[in-house]
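User: I've got this model open and want to go through its side-chain contacts and its metal site. Can we start with the rings?

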Amino acid sequence: MISQFILPTNVQLRADSIHSEPGILYIDTSVCQTCSICPVCNKKSSKIHSRYSRTLLDLPISGHLSKVQLKARKYFCDNPECPRKVFTERFDCEIKPYYRRMIRSNDLLARMALELGGNTGAAISRYAGVPVSPSIILRVVKRLDIQPKKLTSGVIGVDDWAFKKGKTYGTVIVDLAKKEVVDLLPDRESATLSEWLKQHPEIKTVSRDRCGPYALGIKTGAPDASQVADRFHLLMNLGDATKRIFQSKGKELREAFTLYNQPKNHPAKTVETESAVQNMLQITEDTLTTANISIDKLHKFEKVKDLYSKGNSIRQIAKTVKLTRTTVRKYTMMEKLVKRQAHTTTNLDAFIGFFDAGRK
Ligand SMILES: [Zn+2]
């Protein structure tokens, strides 16, 4: 009676007794099946060789760790042509050879790992009654049989991603129409990408960064596909180039400021000069105020303006661009994105006069 509540029902097991130690519940279990299949020749055998004990971690019971102590058996293989003479008992499901954990317990860890990652998954597992380390969580994920998606929309983006930042990198392939990750490649070599593209003849357009190996990989793997530079890297390159130009023109900019601040009656400052300097200062100011804004922020700002002009609601835009509604509302009211000015006044300012008076 108790077996059907605490043991998996898809495998023939019977709970004989239950005993406990602090924090751990042990369930002594016997196997009900009368035969087993040889893993080499797949022939059934009911000739028992010997018995042995196996301990398997199972789902927690009332928050306590539970371990199934299984009295399993070894069988003779009756097939004279089979090289395996003795084999350990096999089960159709739930218990796999060499596993120290029931499949349903393993599935619970896999779900935690995929939702929470290694460290957080391990931390939560302690509260869930299946305590494991981060490395075990990662091992469970690596064992998962995840098949890459076979077909894409034909428009993909490729970029590198870090297994370990600064040391080892792989390549991530994203379906840009479906907005989902299609596959991860183990490195960022042109040959690997080329091989992947040859298996996906439906690819028509590939968005990439300015990295040479990707260009070569696409050229050899999908010669008919169009290669486009992605907007993120274009904007980043433009931002860097603009910043370099203005940093190298410090002398000219200082001269322009000096010229502009000359007294009104100075003969050198004609109407034309003033107008030209004004234009130059405006361009300089615009560039300098946006030069230090991150590309990501600029990209989001443009996206907000674009979606708003197409009639999307603030709520929809916030969800799409992943910004708060307050920020989206602020962006829609701004003509251009400017760098936030540093706070220049302090509490000391109100008392500066006393210092001056003291010196006198
Ligand atoms: Zn056999």
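Analyst: Sure. Keep in mind that this is a predicted model. Going by ring centres within 6.5 Å, the number of aromatic pairs comes to three.

User: How do Tyr 75 and Phe 87 pair up: stacked, tilted or edge-to-face?

Analyst: Their ring centres are 5.9 Å apart, and the planes differ by 20 degrees. The pair links distant parts of the chain, with Tyr 75 in strand β6 and Phe 87 in strand β7, 12 residues apart. Planes under 30 degrees apart meet the cut-off, so this pair is stacked.

User: Is Tyr 75 buried or exposed?

Analyst: The cut-off for buried is under 20% relative accessible area. Tyr 75 has 0%, so the call is buried.

User: And what about the pair of Trp 161 and Phe 163: stacked or tilted?

Analyst: Here the centres are 4.5 Å apart and the planes sit at 45 degrees. Stacked needs under 30 degrees and edge-to-face over 60, so this pair is tilted.

User: Which ring does the charged end of Lys 47 sit over?

Analyst: The charge is 5.4 Å from the ring centre, and the cut-off is 6 Å. The ring belongs to Phe 76.

User: Now the metal: what is the geometry of the zinc ion's site?

Analyst: The protein donors are the SG atoms of Cys 38, Cys 41, Cys 77 and Cys 82, 2.2 to 2.3 Å from the zinc ion. Along the chain they follow C-x2-C-x35-C-x4-C. The angles among the four donor atoms run from 101 to 114 degrees, and the site is tetrahedral.

Note on methods. Residues numbered from 1 in each chain as written. Predicted model: local features only at pLDDT ≥ 70, side-chain atom pairs only at ≥ 80, totals over all residues. Heavy atoms only, no water. Donors = N, O, S within 2.8 Å, 3.2 Å for Na, K, Ca; no water. Tetrahedral: all angles 85-135°; square planar, octahedral: opposite > 155°, others 65-115°. Phe/Tyr/Trp six-rings, centres within 6.5 Å; stacked < 30°, edge-to-face > 60°. Helix = DSSP H or I, 4+ residues; strand = E, 2+ residues; numbered from the N terminus. Buried < 20%, exposed > 50% of the residue type's maximum accessible area, 1.4 Å probe, protein only. Lys NZ or Arg CZ within 6 Å of the ring centre and 35° of its normal.
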